[in-house]
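Student: I have a structure open on my screen and I'd like to learn how to read it. Could you walk me through some features?

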Amino acid sequence: MSGDVTTVETALLPVSVRRTGDGPTVLYLHDFMFDVPTDEPESPRLQEALAGSVSLVAPVLPGFDDVTQLAPMEDVEDYVFLLLDTIAGLGLDRPHVVGAGFGGWLAAELAVRRSDLLQSVTLVNAFGLKVDDHPTARFFYAAAPDPLGGKHDVRHLLFAEPEGSLAQAVMPDQLAEPRATTFFRHVHAAARIGWEPPAFYDRKLRSRLSRITVPTQVIWGRANAIVDLAHAEAYAAGIEGAELTILDDAGHLVVYEKPKELAEIVVATVEGAS
Amino acid sequence: MSFQGVTPEVLAENVVSWGTLPNSACDPERLSRDYRNYIDQASLADRLGFDGVAVNEHHMTPFGTMPNPNVMAAAISQRTERARIAVLGNALALRKTPLSSIEEYSMLDLLSGGRMEAGFVVGGGPEFYSFGQNPTEARDRFAEALALARRAWSEPGPFRFDGRYYALDCVNPWPRPLQQPHPPVWVCGVGSPPTLEMCAREGLNYMGVNFHTATDEFQKQCEYFRDKADQYGREYDPNSIGWLAAVHVAETDEQARAEYLEGASYSHSLAAGFIGNSKTFFPPGHMPPDKLAGWERHARAVALGEAERGPDMSIVGSPETCRRLLTERLRAFEIGNVVMGFQVGNMPHDVASRSMTLFAQEVMPAVRKEIDEFLDGKYPNRTNAAEASVPVEASA
């Protein structure tokens, strides 16, 4: 993904932001695994698929480029304030927000506090909820260094076809540098607020979902093995008027697995809500 | 000190022993006997003239059976007379407050007649899975906890402490320790540069506690520690750094090797994770991302036979061999302390005790003499802390 890279000063730390395309403004919050917007050829295709229809604003979340940035990021509130500063700093006027996985959690946290600043919300395989009897899978254990097992365990959590060519291309067992280090940097950044077992949740978020008052889409991969469909249903049930779309043959990393389908839903949502 | 009774069947079914080996495999009757033997070994070390005995801390694993090493230190304090007692544990990040460590260490110092060496550790990777604490803040939290602990021992209470992780209106620990202002403080680590640098900068004692570090790696860590001490304007003191090694002495090299390998093989099966199977060792943030990637590559190469593991740290052989190996290494490291694990894995109690006795009679005096002369010549201002030879009830 090319585009203009700018830096926004926030109260906590400077945030690098990529902007591409023309059209209604979409604030895109990335997930936790290799989907940080970059110029690398391995970057996911979602941004490209969207670039023709919307003006995409994609910040790099704290720590994903540099873990030393994480020092001031202590809890969910810090992330929400950082996003509010980012929206204000860029002068975004009621953007549509799209969040995937880890970024989906943050999108929901932002929306329960300041729906008035947003035009629509799209949650893709979003973490954030604690759902009884449906704990998230043990991602941090799966993603730990595994000299002989490689990335097998984490691939099986993130992809509908973990041994297929796409999963193998994005996450082969032996990653070459710099991606080998990027992998652990992304896990580290996600652990900052996501570590607490069973991982990636805010105990209070579910009871606050009714505070989201803008059109909301909930999009889930049917084969999501890390945050299952019960979470999709909990989001859809908790947000008034939310629409739930379940994608077949998709797991957690829908941005890689179904970029076109995802882009179509996002564009339709944006057009419907604008 | 390991629990010695994990059966081969259980080991065959469970490749991961750290944090996840079912605790149904723990036979309390057996472990109670193991405990008695370990305390007997500490008492024997005291009588044999070792400078001290050491205990360590592990959680939820048969590899180490002292989740609270202070409890074991209390028992040892009542079965020993003159040996110093080093606790190479107290994972501050796992405790609600470091003041509980300070309280327990002060009690131990009183109970032992002022023989405590107070260790503090960040906590190993598996413990962050076992306790749920966030590993990405572990080092920051440890640094603050250590600062609070040291202040609580050196500044008269009550005082306020206003930290990021610990905020207390009233820091005023009772009792005070017998050693004033406080027992020697050791930070235990496995060679991470930030920990070595912190110790060198703050003048803290450092104990390298990783059995699985190759000797050439540990030598580099010692050089790094000296360089950093120099950089921060502190005179290097060889008694401010220690090394942990597995030791086994028998009449001949062949006998020693055979006895050692039997115990070590059990120990290695419990510690399989160091090589590849136990993913709990490296939670995110416990080490920097590039170090994790580098470790994964190196461990894979070693496992596939594509890279050398580096020279083994263990000191195994006849008295003459052990004298030579130990002297060579202490000279190369330029350090004044070595903690030795005589109880290797499930080695029988009488074999470990015989090894300790042989060591004390035929190895220790010569090593002490040569290393003392060497260090006195090179570092005439070194302190007169424990010089060598502390047996640790841990396994190699």
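**Reading the contact, the spaces and the backbone**

Student: Let's start where the two chains meet. How many residues does each chain bring to the contact?

Tutor: Keep in mind that this is a predicted model. Chain B brings 29 residues to the contact and chain A brings 26. Together, chain B and chain A bury about 2500 Å², with 61% of that on carbon and sulfur atoms. On the chain B side, B:Lys279, B:Pro289 and B:Glu296 supply 28% of the area buried against chain A, more than any other three residues.

Student: And how many salt bridges cross that interface?

Tutor: First the general idea: side chains of opposite charge can pair when their charged atoms come close. Here, five salt bridges are found across the interface of chain B and chain A. One to click on is A:Glu177 with B:Arg297, where the closest N and O atoms are 3.0 Å apart. If you count polar contacts instead, there are 17 residue pairs between chain B and chain A, with both residues at pLDDT 80 or more.

Student: Which helices of chain B should I look at on the side that touches chain A?

Tutor: Helix 5 (125-131) and helix 10 (289-303) of chain B each supply at least two residues to that side. Helix 10 of chain B gives the largest share, ten residues. Sorted by class, the side of chain B that touches chain A has 15 nonpolar, seven polar and seven charged residues.

Student: What about salt bridges inside a chain, say at B:Arg30?

Tutor: B:Arg30 forms a salt bridge with B:Asp34, the closest N and O atoms being 3.2 Å apart. Both residues lie in helix 2 (residues 28-48) of chain B, four residues apart, or about one turn of the helix. Over all chains, the structure holds 32 salt bridges.

Student: Now for the empty spaces. How do I find them?

Tutor: Rolling a probe the size of a water molecule over the atoms shows where empty space is left. Take the second largest pocket, which holds about 610 Å³ of space. Of the 22 residues lining this pocket, the closest to its centre are A:Glu74, A:Arg192, A:Ile193, A:Glu196 and B:Asn134. Helix 7 (residues 179-194) of chain A gives the most to the lining, with three residues. By class, the lining of this pocket has nine nonpolar, four polar and nine charged residues.

Student: And how many cavities of 30 Å³ or more are there?

Tutor: The count comes to three. The second largest cavity has about 40 Å³ of space. Its lining includes B:Gly189, B:Val190, B:Phe218, B:Trp243 and B:Met313. Helix 8 (215-231) and strand 8 (241-249) of chain B are the elements that give two or more residues to this lining.

Student: Which classes of residue line the second largest cavity?

Tutor: Six are nonpolar, six are polar, and none is charged.

Student: Last topic, the backbone. Where are cis peptide bonds found?

Tutor: In chain A, a cis peptide bond joins A:Glu177 and A:Pro178, with omega about 10 degrees. A:Pro178 sits in the loop between helix 6 (165-170) and helix 7 of chain A. You've already met A:Glu177, the partner of B:Arg297 in a salt bridge. In chain B, a cis bond joins B:Gln180 and B:Pro181, with omega about 0 degrees. B:Pro181 is in the loop between strand 5 (167-171) and strand 6 (185-189) of chain B.

Student: What is the phi of A:Asp249?

Tutor: A:Asp249 has a positive phi of about 55 degrees, although A:Asp249 is not a glycine. You'll find A:Asp249 in the loop between strand 8 (243-247) and helix 10 (254-257) of chain A.

Key:
Residues are numbered from 1 along each chain as its sequence is written. Chains are lettered from A and ligands numbered from 1 in the order in which they are written. This is a predicted model: local features need pLDDT of at least 70, side-chain atom pairs count only at pLDDT 80 or more; totals for chains, interfaces and linings use all residues. Side-chain values use heavy atoms; hydrogens and water are left out. On a 1 Å grid over the protein atoms alone, a cavity is a set of points where a 1.4 Å probe fits but cannot get out, and a pocket is an open set with protein on both sides within 12 Å along at least five of seven lines; lining residues have an atom within 4 Å of a point. Grid points are joined across faces, edges and corners, and a volume is the space filled by probe spheres set on the points. Ala, Val, Leu, Ile, Met, Phe, Trp, Tyr, Cys and Pro count as nonpolar, Asp, Glu, Lys and Arg as charged, and the others, Gly among them, as polar. Contact means heavy atoms within 4.5 Å. Buried area is the accessible area (1.4 Å probe) that two parts lose on being put together, summed over both. A salt bridge is a side-chain nitrogen of Lys or Arg within 4 Å of a carboxyl oxygen of Asp or Glu. A polar contact is a pair of N or O atoms within 3.5 Å; within protein, one must be able to donate a hydrogen and the other to accept it, and residues adjacent in sequence count only if both atoms are side-chain atoms.
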